[in-house]
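User: Please take one part of this model and look at it closely, starting from a single residue and working outward to the elements around it. A connected account is preferred to a list.

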Amino acid sequence: MKNRHFKIDRKLRRRLVGTLTVALLIGTLCGCAGGDTESSETQDGAGVEINDTQIGTETDVETDAVEATEEETEEEIAGSVWDDDDDEPAVELDKDLGDDPPEYPEIYSDEEVVKIGDLVVVGDTAYELYSYIDSLAEDYASCVNTVAANLSGKADVYDIVIPLSSGITFPDNLADQIDSTDQEAAISKISKKLNDDIIFLNIYDVLRTHRDEYIYFRTDHHWTALGAYYAYRQFCGKKGVSPEPIDSYETKEFDGFLGSFYTDTGGLDALGANPDVVTAYVPNMSATCHVTQTDGTLFDSPVIYNETNATADLKYSTFIAGDNPYTEIDNADLSDGSSCIVVKESFGNAFVPFLVDHYQTIYVIDYRYWTGSITDLAQETGADDVIFINNLSMTRNQSLIGKLYRVV
């Protein structure tokens, strides 16, 4: 049965290849390559075929790899989310948000809440539960702070922590039936651990304002490209540039997507009966992804790849050729020398295409597989901006934070 939601009130690459390949060979000989997992981690080599080349993808929910003391896992977050002296997120680009506190559309459902492991299912939609862990949030912030300190006066460092769908679109009338930390409060606490020179984008409000739109998948843990677009608008507001209008993009749609939640629930019929649609927005400027895979193989790909014939679980790989250690995106229509580094896991994939129209070169690092140094790369490329973008669950995942720490 479909989940009935009712809306009320709408208010260089090249120099890294050798290092990567050697590191992988050493890791393989030591028996330690690819041993870490994120929640229900898939194999690193999973991918979609492009001209006989495998593109990495990730269909896992970052939960099961969390390691912390029992006391930390249950820690409560107290107090108001935004104090008067807090740095509010940029909202000037969204007409829905003004100087007054935002009013969010309400979502109701008459379906039952079904718990399956670390997920809950409401009708045709699954959600990941979340618990805040202060010590790991501190470790995550320390990684970002270290890079910002290393690059002080050389590059602007941004940090984006993406809420999970359970904190944005979960039905209001069922919220008391799940045990999940207040994500707005958690994101606020993380932001306060960051140094003042870091530009923090709190996108919670803007996503909640658009919560009645298709900004998260039902059968997968990722946000949609529409959700990423709203975050991109916030980024433009902070950077002081004009965002591209959403109706200026060519769109591509890939239906029949059954993502990580569908897999993790054992192919639940309620989810399978209403597959997701992956909508991608093609950059307005001409750009090419130069991709380095985990085995050091190089290939080129469009920023948005045609996933029409991909299997149901791989359609999210349309964005920047999926999950790969290192990707350079060259914009042939810009020659101003502008560049940025994006430090991400798979949530960042849907965000990066919107940056293409603003930079001549984008260096994309997936720290789960990359073995270089963010600081060194920024200094050697002269990158203007370094953008950390991660989902909230990553900030309580010891394995992933450890991998990020390795590359600061």
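Analyst: Leaving aside residues up to four places away in sequence, Asp366 touches Asp323, Asn324, Pro325, Lys344 and Glu345. The model is a predicted one, and every value below is computed from it. Asp366 belongs to strand 16, which covers residues 361-366. Its relative accessibility is 0%, so Asp366 counts as buried.

Two polar contacts involve the side chain of this buried aspartate. One joins it to the side chain of Lys344, at 3.1 Å. The other is with the side chain of Arg368, at 2.6 Å. Lys344 thus appears both in the list of residues that Asp366 touches and as a polar partner of its side chain.

Lys344 leads to strand 15. Strand 15 and strand 16 run parallel and are joined by six bridges. Within this pairing, Val343 stands opposite Ile365 of strand 16. Strand 15 also pairs with strand 17, again in the parallel sense, over five bridges. There, Ile341 has Val386 of strand 17 opposite.

How many of the six residues of strand 15 are buried? The count is six of six. Cover is found on both faces: Ser339, Ile341 and Val343 are buried on one side, and Cys340, Val342 and Lys344 are buried on the other. Lys344, the polar partner of Asp366, therefore lies on the face that also carries Cys340 and Val342, and, with relative accessibility under 20% as the criterion, it counts as buried.

Lys344 has a further neighbour in Ile320. That residue sits in the loop between strand 13 (298-302) and strand 14 (326-331). Its relative accessibility is 1%, so Ile320 counts as buried even though it is a loop residue. Apart from residues up to four places away in sequence, Ile320 touches Cys289, Val303, Ile329, Lys344, Asn349, Val352, Pro353 and Val364. Ile320 and Pro302 are 18 residues apart along the chain, and their C-alpha atoms are separated by 7.2 Å. Lys344 is thus touched by both Ile320 and Asp366.

Strand 15 also has a part in covering helix 12. What covers the buried residues of that helix includes helix 3 (134-150), strand 15 (339-344), helix 11 (374-381) and strand 17 (385-391). Strand 15 and strand 17, two elements of that cover, are paired with each other in the parallel sense. Helix 12 spans residues 398-406, and its buried residues are Ser399, Leu400, Ile401, Lys403 and Leu404. In an α-helix there are 3.6 residues a turn, so residues three or four places apart point the same way. At the start of helix 12, a side-chain oxygen of Asn397 comes to within 3.1 Å of the backbone nitrogen of Ser399. Ser399 is also one of the buried residues of the helix.

For contrast in strand direction, there is an open sheet of three strands in the order 5-6-7, with antiparallel pairing. Its edge strands, strand 5 (113-116) and strand 7 (125-128), each pair on one side only. From one strand to the next, the twist averages 25°. Strand 5 is joined to strand 6 (residues 119-122) by four antiparallel bridges, and strand 6 to strand 7 by four antiparallel bridges. Val120 of strand 6 stands opposite Lys115 and also opposite Tyr127 of strand 7. Val113 has Val122 of strand 6 as its bridge partner. Both connections are hairpins: strands 5 and 6 have two residues between them, with Gly117 in the turn at a positive phi of about 65°, while strands 6 and 7 also have two residues between them, with Gly123 in the turn at a positive phi of about 65°. In strand 6, Leu119 and Val121 point one way and Val120 and Val122 the other, and all are buried.

As to the setting, the protein has 12 helices and 17 strands. Of its 408 residues, 58% count as buried.

Conventions:
Residues are numbered from 1 along each chain as its sequence is written. This is a predicted model: local features need pLDDT of at least 70, side-chain atom pairs count only at pLDDT 80 or more; totals for chains, interfaces and linings use all residues. Side-chain values use heavy atoms; hydrogens and water are left out. Buried means under 20% relative accessible area, exposed over 50%, partly exposed in between (1.4 Å probe, protein chains only). Contact means heavy atoms within 4.5 Å. A polar contact is a pair of N or O atoms within 3.5 Å; within protein, one must be able to donate a hydrogen and the other to accept it, and residues adjacent in sequence count only if both atoms are side-chain atoms. Two strands pair if DSSP finds at least two bridges between them. Axes are lines fitted to C-alpha atoms, for helices over the stretch in contact, and angles run from 0 to 180 degrees between N-to-C directions.
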